[in-house]
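Student: I have a new structure to read. Please show me how to go about it, feature by feature.

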Amino acid sequence: MIRKAILTVGMCLVSSIAIAALVAPTGGGGVSGSDFKDHLTPAQRTAIQQKLQFNRKLLRERGISLYSESTAAQTSHPMFTWPTESTTNDPGHFGISNFVDHDPAYPDSLQDYQCGERTYDTDSGYNHKGMDVFSWPYPWLKMDHDEVRIIAAEPGIIIGKDDDNFDRNCSFTGRWNAVYVEHADGSVAWYGHLKKNSLTSKLVGQSVQAGEFLGVMGSSGQSTGPHLHLEVYDSGNALIDPSEGACNALDAGSWWSNQRPYYEPGINLVATHDAVPEMNNGCGVTETPSFQTIFTGGQTAYFALYLRDQRAGQQLKMKIYQPDNTIWREWSFTMNSTDHYSASWWYWTRTLPAQPQAGRWRWQVEFQGQTVDSEFTFPVPDISVSGSGAFGDVEIDSSSSKNISISNVGTTNLLFNSVGGLSAPFSIISNNCGASLAAGTSCTVSVSFSPTSTATSTDTLVISTNDPDEGTVNVSVSGTGTAIGDTLFGDGFED
Ligand SMILES: [Zn+2]
């Protein structure tokens, strides 16, 4: 495993030299597991255990239980499905910050199921008893919008619910909101730190299916940020770590139907912003992402990416594509400052072109075999010209005029560089367009034809603007001078 990681780093370095310059981020940083962790006091844990034992006994007396001493079900442990989901298909509904601590010594004596140290203990002797799943980025914002749902990992009977507790904690204080589910084999899963008053309306004694909603991810009780604490006990009330690994002696075999890798590097979000994303407005305070997908030419944009399980040596490749699919900017970055971040974010500022291509731009990030795009656009002016410059026959020594209408059918101001190019016998007699034409408005240029001879004349009215794909519009003008009297009753006179 280690050898493979080193090989990957080597390959990335070679390709980065060939493809794109390494550019350090303008800002960002990493989050370690300690930013999303929790605690129950021994008294709280004992109280929960006593309540659950009481409820289980009561439910069994009433015949409400999936568990039966006489069935084989009890020998077959659960096979959990993943306990979080997003209402918006956002991959940011999970990252893992901490596993069960299998080392009973404390403090700072840590061992997770894979013999690593992605867990914690406390000075007072608490060894983390569950798995912490956090949302990233903007966990408070996600919580505000009920975006991350905690769902049952295994069918069962609800044997306990705790609710009504404050849910925006960032320290070890208070009591949590939780749902407790007993499975067919008598094992029990605790789903903790839920958002206040978000819990399933199902009552103690009612059954839930795998994948069924239990509550919204929150930070109630002794919690340092919004996350799920999943704690599991077997039918004999012994702690279980559902993840199979060399240092998990609590059970044999994985309790996951599809156990996630120990490290699962991934892109949680790729986004563009018009200011530095504010990741921390204080405990429990909604973050200020400053998301922006519409920019103006010349503006400074913030190109950000948000990862889970980023490890030293893993290369990021960044590209900004113009609407015609050519690359406008390209660079790479390899984080080497820390071995592992449970969650991280990095951003780069770029000054956008003053005259950007119209259409959809793409901010693209490639990380560990995954490629994610985020689109952005510029408001563009769009010129539309109507009216004819064909004057036909006009009596010499008289004058005829025609109106050319200019409209801005785009989404931002159309700026005029020049309107002209005519010479006698053509001229502009009025122009109310000014220097700038607001989106959705029109103006008029009046052109006159004043022939002095019986000749056919042609010319071109040239309209030059900041329209990105039609910067110059040519309007042909033409007319023929006729002898006096020739058109007295003809069409030309009517002009
Ligand atoms: Zn926990």
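**Reading the strands and cores**

Tutor: Start with one pair of strands: β27 and strand β29 (residues 442–449) run antiparallel and are joined by five bridges. In β29, Val447 is the bridge partner of Ile428. This is a predicted model, where local features need pLDDT of at least 70, side-chain atom pairs count only at pLDDT 80 or more, and totals for chains, interfaces and linings use all residues. Residues are numbered from 1 along each chain as its sequence is written.

Student: What counts as a strand, and what counts as a pair?

Tutor: Helices (H or I, at least four residues) and strands (E, at least two) are DSSP runs, numbered from the N terminus. Two strands pair if DSSP finds at least two bridges between them. Now the case here: β27 belongs to an open sheet of four strands, in the order β23-β25-β29-β27, with antiparallel pairing.

Student: Which strands are the edge strands of that sheet?

Tutor: They are β23 (383–386) and β27 (426–431), and each pairs on one side only. On average, neighbouring strands of this sheet are turned by 25 degrees against each other, direction ignored. For such angles, axes are lines fitted to C-alpha atoms, for helices over the stretch in contact, and angles run from 0 to 180 degrees between N-to-C directions.

Student: Where do the side chains of a strand point?

Tutor: In a regular strand they alternate between the two faces of the sheet.

Student: Which strands does β26 pair with?

Tutor: One partner is strand β28 (residues 436–437), antiparallel over two bridges. There, Leu414 has Leu437 as its bridge partner. Another is strand β30 (residues 456–465), antiparallel with four bridges. In that pair, Gly420 is matched with Val462.

Student: Where is Thr411 found?

Tutor: Thr411 is in the loop between β25 (400–408) and β26 (414–420).

Student: Is Thr411 buried or exposed?

Tutor: Count neighbours. A residue is buried if 20 or more other C-beta atoms lie within 10 Å of its own, exposed if 12 or fewer, and partly exposed in between; C-beta atoms are placed from the backbone. Thr411 has 15 other C-beta atoms within 10 Å, so it is partly exposed.

Student: What is Thr411 in contact with?

Tutor: Two residues are in contact if their C-beta atoms, placed from the backbone, lie within 7 Å. Leaving aside neighbours within four places in sequence, Thr411 is in contact with Pro379, Val380 and Ala439. Pro91 is 320 residues from Thr411 in sequence, and the two C-alpha atoms are 33 Å apart in space.

Student: How is the chain divided into domains?

Tutor: Domain bounds come from an automatic or database domain assignment. Here they give domain 1 (3–31 + 264–377), domain 2 (33–240) and domain 3 (383–491). The C-alpha centres of domain 1 and domain 3 lie 49 Å apart.

Student: How many residues does the largest nonpolar core have?

Tutor: A nonpolar core is a set of buried Ala, Val, Leu, Ile, Met, Phe, Trp, Tyr and Cys residues joined through C-beta atoms within 7 Å. The largest one has 67 residues, and Ile150, Val179, Val181, Ala189, Tyr191, Leu230 and Leu305 have the most contacts inside it. Strand β17 (residues 300–311) gives this core its largest share, seven residues. Domain 1 (3–31 + 264–377) and domain 2 (33–240) each supply at least three residues. Another core lies apart from it, with 17 residues, among them Ile383, Phe426, Leu461 and Ile463.

Student: Now a hairpin, please.

Tutor: β21 and strand β22 (residues 370–377) pair in the antiparallel sense over eight bridges. Arg360 has Thr377 as its bridge partner in β22. Two residues lie between the strands of this hairpin, and Gln368 takes a positive phi near 50 degrees. β21 (residues 360–367) also pairs with strand β18 (residues 315–321), antiparallel over six bridges.

Student: Why is the chain called more spread out than a compact globule?

Tutor: The radius of gyration is taken over C-alpha atoms, and the globule rule is 2.2 Å times the number of residues to the power 0.38. For 495 residues the rule gives 23 Å; the chain has 34 Å, well over that, so it is more spread out than a compact globule. Its C-alpha atoms fill a box of roughly 115 × 55 × 40 Å, taken along the principal axes.
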